[in-house]
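Please open the structure in a viewer and keep the selection panel at hand. The stops below are meant to be followed in order.

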Amino acid sequence: MTASKDTVLFISCANVASSQGGPLPSSYTYMPMGAMYLAGALRERFGASILDLNLLGLWKLPPDEARARAAEAVRAEIREAKPLLAGLSCLFSTQMEQVLELARVIKDESPETKVAVGGIHPTIYSRDVIENCPDLDFVMQGEGEESVPALALALRGEGNLAGIDGLTRRGPDGRAVESPKTRYIEDVDSIPRPAYELIDFSAYRPDTADWHNPKGHDIGTPAPLLTSRSCPGRCNFCSLHRAMGPKFRRHSAERVLDEMEYLYHEKKVRYFEVLDDNLTVDKKRILDICRGVRTRGLDVQMRVGGMAINALDAEIIEALTGAGLVWGSLAIESGSEFIRNQIMGKNLSTAKIREVVKLFRKYPDVITTALFIIGMPEDTHETLQMTYDLIEELELDQVYISHLLPIPGTRVYDQCLAEGLMLNPAEHAWNSGTVRNFYRNANIFVKPRALETEELALWAERFEALREAKKSLKFRRLGAGSIIDPDQKNTPRKNYA
Ligand code: B12
Ligand code: SF4
């Protein structure tokens with residue numbers, strides 16, 4: 001049987017144990033937005049389907065079994081579809097090992113199928129991937145809504161590989177032939193709506209019994225929502241602009257509201273997970289979105305991960321809560337202005353943090369959480385004490401405290417390697433499972449210049465005790481269900497157009 005000239009299969013890789021560490025914990029399964037956008041961009045000209053390995057519950061299995069299950073699912077799908085192109089989505093660096101294994105499985109099952117990989121990690125290591133992984137034919141750098149259709153057309157004989165922006169392939173000598181990524185879609189409203197129609201919403205329905213649910217809705221299946229791309233910031237520990245481009249690009253309020261309305265009426269969505277890195281950068285736009293949610297009668301609740309504290313004021317917070325914000329995360333990162341601003345590059349004053357946290361306290365229906373990083377190379381006893389004191393002072397519902405894990409493609413990653421601060425540099429090779437378990441907060445990856453790792457470990461214990469002690473009553477009542485859902489009974493689905 002030959003590969004079908006008209007089908008593209010997207011495979012969303014899952015979080016499983018990497019060779020360097022234990023299994024990642026699973027939050028409930030998010031829908032695979034990357035694959036959904038790409039399938040949406042292809043839907044006019046190709047049959048697209050999505051296999052989301054996250055629905056297999058692999059994180060619960062021993063590593064070997066998880067690998068075997070993933071391979072089996074992919075093999076079965078490839079055998080049936082024999083797609084022209086199989087596109088592997090690598091959202092986290094941890095998934096790179098799985099990408100390599102699955103590419104091998106695909107080629108073994110259907111040598112004619114071309115295999116591409118996309119996502120932030122392969123984008124950063126595009127040349128290494130192509131020169132070292134014979135089962136992968138292409139790396140597509142950055143966002144793929146223009147380049148994936150161009151690649152599929154070229155493979156069908158209707159275009160040329162040479163002109164595709166951001167495509168890395170293998171030359172006859174085995175070396176990478178690369179077109180650098182130069183174009184990011186300026187008018188993001190021109191990007192077709194994600195292929196929600198390929199998703200079985202019931203497969204993503206978590207147990208929401210103990211979710212924060214002030215409106216008392218039947219939460220059903222939460223839907224992800226992406227209203228903008230990239231972020232104007234350049235924090236030294238963040239890599240996202242390497243995949244989503246240097247410029248903050250936003251959907252119009254109209255487009256966002258249309259998508260919400262579609263999901264509200266067609267898919268009965270009542271809870272949105274806003275995935276933006278920085279939802280609130282543009283004040284007029286966010287106020288328009290919030291107003292539109294009310295005027296269009298969308299009675300929803302929202303959890304928002306990325307909000308620029310500097311952009312938040314009383315008016316925006318009131319609008320957001322009026323539009324259904326029930327959970328917001330603030331990226332504070334450090335109690336020391338020196339670390340936060342001069343080192344991390346956040347340009348955020350402690351006074352502004354205090355002001356914004358105080359504003360959120362006026363809305364008892366909102367769970368307000370904050371993110372902190374400890375163990376920056378420049379952290380000292382004094383700066384860590386400042387972080388500790390700020391957490392102690394702020395009336396937040398919950399704080400998340402992570403050890404610094406330098407992510408490839410960031411300034412702090414290069415710095416840690418150059419200064420020899422990585423505790424286990426081998427773990428940070430391009431083909432290893434670099435990003436590990438943040439949530440469990442169990443690993444120290446970097447030795448701060450002025451501290452011994454044992455000293456940092458003692459700080460971690462103090463922070464863990466503080467984190468526990470500072471959970472608000474409101475948060476305590478929720479249990480763990482809003483974060484981890486160990487008994488989730490999802491089954492793999494294939495979603496054909
Ligand atoms: C939502 C999100 C989450 C969600 C989970 C999402 C999910 N589906 O599972 C939650 C909140 C759980 C989460 C957790 C974490 N996250 Co997160 N998260 C994101 C975020 C904000 C959005 C991802 C997204 O959906 N983007 C929208 C889609 C449309 O973009 P995309 O997936 O990149 O797809 C596009 C391209 O990459 C490309 N593409 C993708 N796949 C393919 C495939 C092919 C074949 C092709 C050609 C192209 C292609 O085209 C797509 C369309 O344009 C990103 C930042 C970002 N902006 O990407 C961080 C990000 C992915 N997270 C990151 C990190 C570090 C984490 C944590 C480790 C953080 C922590 N402290 O706990 C945890 C790990 C969780 C775990 N269990 O492993 C890093 C990953 C870095 C890395 N190298 O691994 C990112 C990039 C943020 C950053 N600051 O650098 N995260
Ligand atoms: S503000 Fe957030 S998304 Fe923007 S660069 Fe900093 S960490 Fe990344």
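One term is needed along the way: a contact means heavy atoms within 4.5 Å. With that in hand, please note that the model is predicted.

**The whole chain**

Begin by displaying the entire chain, which has 16 helices and 16 strands. Its radius of gyration is 22 Å, close to the 23 Å that the globule rule gives for 497 residues, so the chain is as compact as a globular protein of that length. Along the principal axes, the C-alpha trace spans about 65 × 55 × 40 Å. Of the 497 residues, 60% are buried. Among contacts with a separation of 6 or more, 77% join residues 24 or more positions apart.

**Confidence**

Next, colour the chain by pLDDT. The average is 90, and 92% of the residues score at least 70. Select residues 18-25, where pLDDT stays under 50; the model has 30 contacts there beyond four places in sequence. Then select residues 437-441, where the pLDDT is also below 50; this stretch has 13 contacts in the model beyond near neighbours in sequence. Where pLDDT is low, the predicted coordinates should not be read in detail.

**Ligand 1**

Now centre the view on ligand 1. How many residues surround this ligand? There are 39, and the closest are S89, S93, E145, S239 and D277. The shell divides into 23 nonpolar, 12 polar and four charged residues.

Show the secondary structure around ligand 1. Helix α1 (33-42) and strands β3 (85-89) and β4 (114-118) each supply at least two residues of the shell. The largest share, four residues, comes from α1.

Three distances to ligand 1 may then be displayed:

- From S93, a polar side-chain atom lies 2.8 Å from a nitrogen atom of ligand 1.
- From G144, a backbone N or O atom lies 3.1 Å from an oxygen atom of ligand 1.
- From R229, a polar side-chain atom lies 3.5 Å from an oxygen atom of ligand 1.

**Ligand 2**

Move to ligand 2 and select the residues around it: C231, G233, R234, C235, F237, C238, L240, D277, N278 and K346. This shell divides into five nonpolar, two polar and three charged residues. D277 deserves a second look, as it is listed around ligand 2 and also among the closest residues to ligand 1.

**Helix α10**

Select α10 (residues 314-322). Which of its residues are buried? They are I316, I317, A319, L320 and T321. An α-helix has 3.6 residues a turn, so residues three or four places apart point the same way. To see what covers the buried residues of α10, add the surrounding elements, including α9 (283-295), β12 (301-307), β13 and α12 (350-360).

Both ends of the helix merit inspection. At the start of α10, a side-chain oxygen of D313 reaches to within 3.2 Å of the backbone nitrogen of E315. Just after α10, G324 takes a positive phi of about 115°.

**S329 in strand β13**

Finally, select S329, which lies in strand β13 (residues 325-333). Is S329 buried or exposed? Its relative accessible area is 10%, and buried means under 20%, so S329 is buried. Leaving aside residues up to four places away in sequence, S329 touches V304, G305, M307 and T369. With T369 there is also a polar contact between the two side chains, at 2.8 Å.

Key. Residues are numbered from 1 along each chain as its sequence is written. Chains are lettered from A and ligands numbered from 1 in the order in which they are written. This is a predicted model: local features need pLDDT of at least 70, side-chain atom pairs count only at pLDDT 80 or more; totals for chains, interfaces and linings use all residues. Side-chain values use heavy atoms; hydrogens and water are left out. A residue is near a molecule or strand if one of its heavy atoms lies within 4 Å of it. A polar contact is a pair of N or O atoms within 3.5 Å; within protein, one must be able to donate a hydrogen and the other to accept it, and residues adjacent in sequence count only if both atoms are side-chain atoms. Ala, Val, Leu, Ile, Met, Phe, Trp, Tyr, Cys and Pro count as nonpolar, Asp, Glu, Lys and Arg as charged, and the others, Gly among them, as polar. pLDDT is the predictor's confidence in each residue, from 0 to 100. The radius of gyration is taken over C-alpha atoms; the globule rule is 2.2 Å times the number of residues to the power 0.38. Buried means under 20% relative accessible area, exposed over 50%, partly exposed in between (1.4 Å probe, protein chains only).
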